[in-house]
Amino acid sequence: MQAEFDVAVIGRGVVGLAHAFAAARAGKRVVVIDRNARATGATIRNFGFITVTGQERHAMWPLARRSRDIWAAVAPRAGIAVEQAGMLLPVRRAASVDVLQAFLATEMGEDCQLLTDTGLRRQEPNVPFKPALAALASPHELRIESRAAVPMLAAWLQNEMKVTFADPTTVLHCETGRVETSRGDVRADAIFVCPGDDLNGLFPEVMARFSVTRCKLQMLRLANPGWRCARPIMSDLGLARYEGYAALPEADALKAQLKVEQSRQLDAGVHLIVVQSADGSLVVGDSHDYGDAPDPFQHADIDQLILDEFASVCGPAPASIERWIGTYASSPQQNWLQQEVSKGVHLAVATCGAGMSTAFALAEGAVSAALNTTLKEI
Ligand SMILES: Cc1cc2nc3c(=O)[nH]c(=O)nc-3n(C[C@H](O)[C@H](O)[C@H](O)COP(=O)(O)OP(=O)(O)OC[C@H]3O[C@@H](n4cnc5c(N)ncnc54)[C@H](O)[C@@H]3O)c2cc1C
């Protein structure tokens, strides 16, 4: 491996790839180093749902809008298909309608619509929606198939943006100008460390200072239900979880009602996202279980809570054809951890469940500030 670069990036998940892309736009010679030959972490296990509507209002919502624009520009160049666009959130409680109305009165509601049950069925006539009091329709989201798209993004960075991907190599230590790996040293003026939820590897003391832990999620793929939906689908439970809605005062009544009516789902951190793949199958999730070393098992009772919510919104659930768990880094203190840990060495961790939706924008800002340069337009 060539051992000298302008920029070294540790981690080939979406956070690492976003930093590599930004550094390549700055005209730098970039190397990406990962212990695995392909992404196997959170980035490849997620829904591929680039979510704007519902993100935390002040920091995350603007980051998500910008990241969505970058995804929209990069996807066609990298050959990545956008499988779905926008989002539908049908609700079955009056308290949820109040939250949606309050949300629409904020700047975050721009270009979103509140549909009636009839309007929902008119827009998505194939989906056997259960009766809804109303539905939020957002035009802002994109959905890609992560397991195909992330390797395509890496290949495009390598072939078109001239980013070097090192052979699988564990990074043991980073300091100013130097990355020590299991295959020898790499020298780089700037180093971006993007290790995801590897809490006890690089800079564990910084991870500990921000109380970074792991969040474990259960996910399912269901067989093609025989209908098609142009947009990802969410439900009432999302209004109590996504900060853009949940932080509104109107959400308090809904949260209290859900505590009574769906306490098992709330205890397991279950809410509903349904996305559809090109072959018609559905990726459905998820649950949230926090801890430094969550068990690696997929619990049938938690899957059932997810499937029950699916059935309450979309009708009978088709057979499960795949099940998996994923973990991401999580901090109760902030949604992103960004620290210059020593001169020229920058730690970047998405400490929320929205790295896929925000990494491009965050990396763009971080790299241009760290390298004190403007990036080429996309
Ligand atoms: C099931 C699930 C569903 C999700 N759904 C969504 C969604 O729909 N939308 C959304 O916005 N977000 C979603 N998220 C969150 C999102 O996937 C994460 O925020 C994001 O992928 C984190 O990316 P990352 O690059 O930090 O981590 P990762 O993808 O985990 O990558 C980290 C990489 O660093 C490497 N690494 C770590 N330490 C070292 C070392 N010492 N040496 C070499 N390599 C190292 C690892 O091998 C790994 O490849 C979801 C997460 C999960 C788990």
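Strand β1 and strand β10, residues 184–193, run parallel and are joined by six bridges. This is a predicted model, so please take every value here as computed from it. Within that pairing, V7 of β1 has A190 of β10 as its bridge partner.

Now the other pairing of β1. Its partner there is strand β2, residues 30–33, again in the parallel sense, with four bridges between β1 and β2. V7 turns up here as well, standing opposite V30 of β2. To get from β1 to β2, the chain passes through helix α1, residues 14–25, and the β-α-β crossover that results is right-handed.

Is strand β1 largely enclosed or not, and why? β1 covers residues 4–10, and six of those seven residues are buried, so the rest of the structure largely encloses this strand. As a general point, side chains in a regular strand alternate between the two faces of the sheet.

On to the cysteines. How many disulfides does the structure hold? Zero. Take C112, which is in no disulfide: the nearest cysteine sulfur belongs to C229 and lies 16 Å away. C112 is also buried, at a relative accessible area of 13%.

Why is C352 not bonded to C215? The closest cysteine sulfur to that of C352 is the one in C215, but the distance is 11 Å, which is too far for a bond; the cut-off for a disulfide is 2.5 Å between the sulfur atoms. C352 is buried too, with a relative accessible area of 11%.

To go back to the start: β1 pairs in parallel with β10, and also with β2.

How values were computed:
Residues numbered from 1 in each chain as written. Predicted model: local features only at pLDDT ≥ 70, side-chain atom pairs only at ≥ 80, totals over all residues. Heavy atoms only, no water. Buried < 20%, exposed > 50% of the residue type's maximum accessible area, 1.4 Å probe, protein only. Helix = DSSP H or I, 4+ residues; strand = E, 2+ residues; numbered from the N terminus. Pairing = 2+ DSSP bridges. Right-handed = clockwise from strand over helix to strand, strands pointing away.
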